[in-house]
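Here's a walk through one model, from the ligand pocket to the metal sites and then the cysteines. Keep the structure open next to you as you read.

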Amino acid sequence: MDKTPKGNVNRDGIRLYTPEDYSGMHSAGALAAEILDRIAPLVVPGVSTGELDAAIEGMVEEAGATSATIGYKGYQHASCISINHVVCHGIPGVKRLKDGDILNIDVTVIVDGWFGDTSRMYVAGTLSRKAERLIQVTHDALFKGIEAVKPGNTFGDIGHAIQTYVEANRMSVVRDFCGHGLGRVFHAPPNVLHYGRAGTGPRLEEGMFFTIEPMVNLGRPETKVLADDWTAVTRDKSLSAQFEHSVGVTADGVEIFTLSPTDKFHPTY
Ligand code: MF3
Ligand code: CO
Ligand code: CO
């Protein structure tokens, strides 16, 4: 067999969705992005991460959608909120934001069975110059990765584009967490690495849906997971940032499912 039917799994074990499936991903992605837009005005010094998460959970319910993270491997919240040196999977709770804190808020929703997964950076109050630079480089690194998405390129091309850009800016790419296939499931093959060599890895094909979600550190790339079994932090306590989009490979490039409806993806736009 030299031809893989549409709506099936390819040789590399990656599902190829059909042209009709893109609209389902658009609905889910749009809701996740809209929630990240609407949470922005609430991100101020003094608010607790638990309060932000409760607002997010309310927005998911109001939309008649489902949170993908509540109940996922025992996780109990509608978002992950990762402040300063927290790399990812920060658990919302009683902690209150301080002036100058930077944070990633990551939301995944299910709409009609389709998963929309996106995260972006926010600042509480005043943004420091070094945090601003980290956020800008991380944001631009995600888009370097997205620009590498087209049929015929490989997953290694995505990772290579991100790593090259980040390291040229003397920052580091986290190796311990990666992007993932998604669609009618939350986490599917392949692992989407944010580093790597051009031309390596599975080839990109029309119909692949996955996330790109680079985590970038001002210091060294090593992370550790805290005793709560979720919170990942930089080992050297350096500041970390992350942006995430859910995308689909099209016949000639890429479609981003989680674009901000009001163009608020970058905190300073
Ligand atoms: N949304 C995260 C991702 O980008 C996964 C969070 S899983 C959770 O893949 F359980 F921590 F919420
Ligand atoms: Co993800
Ligand atoms: Co996510």
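## Ligand 1 and its contacts

In this predicted model, H187 puts a polar side-chain atom 2.9 Å from an oxygen atom of ligand 1. E213 does something similar, with a polar side-chain atom 2.8 Å from an oxygen of the ligand. D117 joins in too: one of its polar side-chain atoms sits 3.2 Å from a ligand 1 oxygen. As for how much of the ligand is covered, the protein takes care of 96% of the 340 Å² of accessible area that ligand 1 has on its own.

How many residues surround ligand 1? The count is 14, and the closest are T69, H180, H187, E213 and E244. Keep an eye on those names, as several of them come back below.

## The cobalt ion (ligand 2)

Let's take the metals one by one. The cobalt ion (ligand 2) is held by D117 (OD), H180 (NE2), E213 (OE) and E244 (OE), at 2.0 to 2.2 Å. If you like to read sites off the sequence, the spacing is D-x62-H-x32-E-x30-E. The geometry is irregular, with angles of 51 to 161° among the six donor atoms. H180 comes from strand β7 (residues 179-181), while E213 comes from the loop between β9 (209-212) and β10 (215-217), so this pair ties together parts that are 33 residues apart in sequence.

Are H180 and E213 buried or exposed? H180 counts as buried because its relative accessibility is 5%, under the 20% cut-off. E213 is buried as well, at 8% relative accessibility.

## The cobalt ion (ligand 3)

Now for the other cobalt. Which protein atoms serve as donors to the cobalt ion (ligand 3)? D106 (OD) is listed twice, and D117 (OD) and E244 (OE) complete the set, lying 2.1 to 2.3 Å from the ion. Along the chain these donors follow the pattern D-x10-D-x126-E. This site is irregular, with angles of 58 to 169° among its six donor atoms. D106 and E244 link distant parts of the chain: D106 is in strand β4 (residues 102-111) and E244 is in the loop between β13 (240-242) and β14 (245-249), 138 residues apart.

Both of those residues are tucked away from the surface by the accessibility numbers. D106 is buried, with a relative accessible area of 13%, and E244 is buried at 0%.

## What joins the two metals

Which residue bridges the two cobalt ions? That's D117, and the ions, ligand 3 and ligand 2, lie 3.3 Å apart. E244 also turns up in both donor sets, for the cobalt ion (ligand 2) and for the cobalt ion (ligand 3). Remember, too, that D117 has a polar side-chain atom 3.2 Å from an oxygen of ligand 1.

## T69 and S82

Back to T69, one of the residues closest to ligand 1. You'll find T69 in the loop between β1 (66-67) and β2 (80-83), and it's buried, with a relative accessible area of 6%. A polar atom of the T69 side chain lies 2.5 Å from the backbone oxygen of H77.

S82 sits in strand β2 and is buried at 1% relative accessibility. Here the side chain has a polar atom 3.1 Å from the backbone nitrogen of G90.

## Cysteines without partners

How many disulfides does a search of the whole structure find? Zero. C88 is in none, with the nearest cysteine sulfur, that of C80, 7.6 Å away. C88 is buried, at a relative accessible area of 5%.

Why isn't C178 bonded to C88? The closest cysteine sulfur to that of C178 is in C88, and it is 10 Å away, too far for a bond. A disulfide calls for sulfur atoms within 2.5 Å. C178 is partly exposed, with a relative accessible area of 25%.

## A look at A55

One last stop: A55, in helix α2 (residues 49-62). A55 counts as partly exposed because its relative accessibility is 22%, and the buried class ends at 20%. A55 and V123 are 68 residues apart in sequence, and their C-alpha atoms are 17 Å apart in space.

Definitions and conventions. Residues are numbered from 1 along each chain as its sequence is written. Chains are lettered from A and ligands numbered from 1 in the order in which they are written. This is a predicted model: local features need pLDDT of at least 70, side-chain atom pairs count only at pLDDT 80 or more; totals for chains, interfaces and linings use all residues. Side-chain values use heavy atoms; hydrogens and water are left out. Donors are N, O and S atoms within 2.8 Å of the metal (3.2 Å for Na, K and Ca); water is not among the atoms, so sites may look incomplete. Four donors count as tetrahedral if all angles lie between 85 and 135 degrees; four count as square planar and six as octahedral if opposite donors are over 155 degrees apart and all others between 65 and 115; anything else is irregular. Helices (H or I, at least four residues) and strands (E, at least two) are DSSP runs, numbered from the N terminus. Buried means under 20% relative accessible area, exposed over 50%, partly exposed in between (1.4 Å probe, protein chains only). A residue is near a molecule or strand if one of its heavy atoms lies within 4 Å of it. A polar contact is a pair of N or O atoms within 3.5 Å; within protein, one must be able to donate a hydrogen and the other to accept it, and residues adjacent in sequence count only if both atoms are side-chain atoms. Accessible areas come from the Shrake-Rupley method with a 1.4 Å probe; for residues, only the protein chains shown count as cover.
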